[in-house]
Amino acid sequence: MRARLTVHELEAFLHVADARNFRIASERLHVSQPALTRTVKTMEGKLDVRLFDRNTRRVDLTSAGQELLPIARRIVSEFDSSLSDLSEFVAGQRGSVSIASLPSVAAALLPHAIAEYEQSHPHVVIGLHSLPAERSLALLIDGTADFALSSPPSHDAAGIDYEPLLRDEFVLICGKRDPLARSKKARWSRLTERPFLASGEGTSVRRITDRVLAETGQAIVPRYESSSLALIGAMVAAGLGITAIPRMTLRLLDASELAVVPMEAPPVYRELGVLTRKDRFLSAAVTRFIDVVRRQQGGTYHCP
């Protein structure tokens, strides 16, 4: 026997079973007594069994009704709980947020954003992928990440929306004992005076430094190259050369033995923003997290 009972029918059954009276149950359900009676009869017809013994004084559960009672309670309870979970998801109080971010942006912006967000959204699970720009974009495109915090996508990145968030100025870093450490400003041409340490090919930092050096006529062959900013920082601190990096990336380095010099002629900024897929619906939990990041983004690193 496979009876297709509805949740509405099970709720009606439970009200009658609890009240042991059709009139009282109908009042609690805000339906007419004849309508409630029809609902129960429909159930009994589907099950091909009586659920209640009725007389003029009271209503009692039959043995079949007694058997159905705990089943109905469990199903209605689970249904109500599931609807509650769905309502919380729609309201942004449940769900998940998956972020792909440049490591420097993740270190500088996300800890405080996550701390603020968790205060009002304790049941939302946050996943973070700290990756270079190209890999962050790949996770966004394949749906692993809900959004990315990264540099602007290339023109051939179809289907991606980009919202500028902040600009991060480039600075020169050198060892504290280097004469350049006493400079208040440094031109890009100063990079030719020492061995140059370059970020790895394909990184957002490398693309910008290569472009600026070419635009300013600087022909520099890197002495060393690494995709690890922490390693580059350690090599600069050891006196093996100098480099230019966005200020935000200093959070990824041990800066105790480094000097940081603002750059000019020209001043250069790395633009960073929020990347989303045009064809993907963002849940309330995700959009509210992005709102927190927007609200916090001003701070130290924003340059109008």
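In which strand does Pro262 lie? Pro262 belongs to strand S11, and the legends below return to that strand after a look at the whole predicted model.

**Figure 1. The whole chain: a predicted model with 9 helices and 12 strands.** Welcome to the overview of the protein, whose secondary structure comes to 9 helices and 12 strands. The radius of gyration is 32 Å, well over the 19 Å that the globule rule gives for 304 residues, so the protein is more spread out than a compact globule. Taken along the principal axes, the box filled by the C-alpha atoms is roughly 105 × 35 × 30 Å.

**Figure 2. Pro262 and its contacts in strand S11.** Here we come back to the residue of the opening question. Setting aside neighbours within four places in sequence, Pro262 is in contact with Val171, Lys184, Lys185, Ala186 and Arg247. For a sense of scale, try Val124 as a reference point: this residue is 138 residues from Pro262 along the chain, and 40 Å separates the two C-alpha atoms.

**Figure 3. A cis peptide bond between Ala265 and Pro266.** Stay with S11, which spans residues 258–264, and follow the chain into the loop that leads to S12, where Pro266 is found. The bond from Ala265 to Pro266 is cis, and its omega is near -5°.

**Figure 4. Arg20, a residue with positive phi.** This view shows another backbone detail, in the loop between helix H1 (7–19) and H2. Arg20 sits in that loop, and its phi is near 55°, a positive value in a residue other than glycine.

**Figure 5. Helix H2 packed against helix H3.** Just past that loop, have a look at how two helices meet. H2 covers residues 22–29 and H3 covers residues 33–47. Their axes lie 9 Å apart and make an angle of about 100°, which means that H2 is roughly perpendicular to H3. On the H2 side, the contact involves Phe22, Arg23, Ala25, Ser26 and Leu29; these meet Gln33, Leu36, Thr37 and Val40 in H3. By class, the residues of this contact are 5 nonpolar, 3 polar and 1 charged.

**Figure 6. The largest pocket, with about 270 Å³ of space.** If you enjoy looking into pockets, here is a good place to begin. The lining of the largest pocket has 19 residues, and those closest to its centre are Pro103, Pro132, Thr203, Ser227 and Leu229. At least two lining residues come from each of helix H5 (103–120), helix H7 (204–215) and helix H8 (229–237). H8 gives the most, with 3 residues. The lining of the largest pocket divides into 9 nonpolar, 9 polar and 1 charged.

**Figure 7. The second largest pocket, with a volume of about 180 Å³.** The lining of this pocket is made up of Ser151, Pro152, Ser204, Arg207, Ile208, Arg211, Tyr269, Arg270 and Glu271. Two elements, H7 and strand S12 (269–277), give two or more residues to the lining. H7 provides the largest share, 4 residues. Sorted by class, the lining of the second largest pocket has 3 nonpolar, 2 polar and 4 charged residues. H7 is a handy landmark when moving between the two pocket views: this helix supplies at least two residues of the lining of the largest pocket and 4 residues of the lining of the second largest pocket.

Technical notes
Residues are numbered from 1 along each chain as its sequence is written. This is a predicted model: local features need pLDDT of at least 70, side-chain atom pairs count only at pLDDT 80 or more; totals for chains, interfaces and linings use all residues. Side-chain values use heavy atoms; hydrogens and water are left out. Axes are lines fitted to C-alpha atoms, for helices over the stretch in contact, and angles run from 0 to 180 degrees between N-to-C directions. Angles under 35 degrees count as roughly parallel, over 145 as roughly antiparallel, 65 to 115 as roughly perpendicular and the rest as oblique. Contact means heavy atoms within 4.5 Å. Ala, Val, Leu, Ile, Met, Phe, Trp, Tyr, Cys and Pro count as nonpolar, Asp, Glu, Lys and Arg as charged, and the others, Gly among them, as polar. On a 1 Å grid over the protein atoms alone, a cavity is a set of points where a 1.4 Å probe fits but cannot get out, and a pocket is an open set with protein on both sides within 12 Å along at least five of seven lines; lining residues have an atom within 4 Å of a point. Grid points are joined across faces, edges and corners, and a volume is the space filled by probe spheres set on the points. The radius of gyration is taken over C-alpha atoms; the globule rule is 2.2 Å times the number of residues to the power 0.38.
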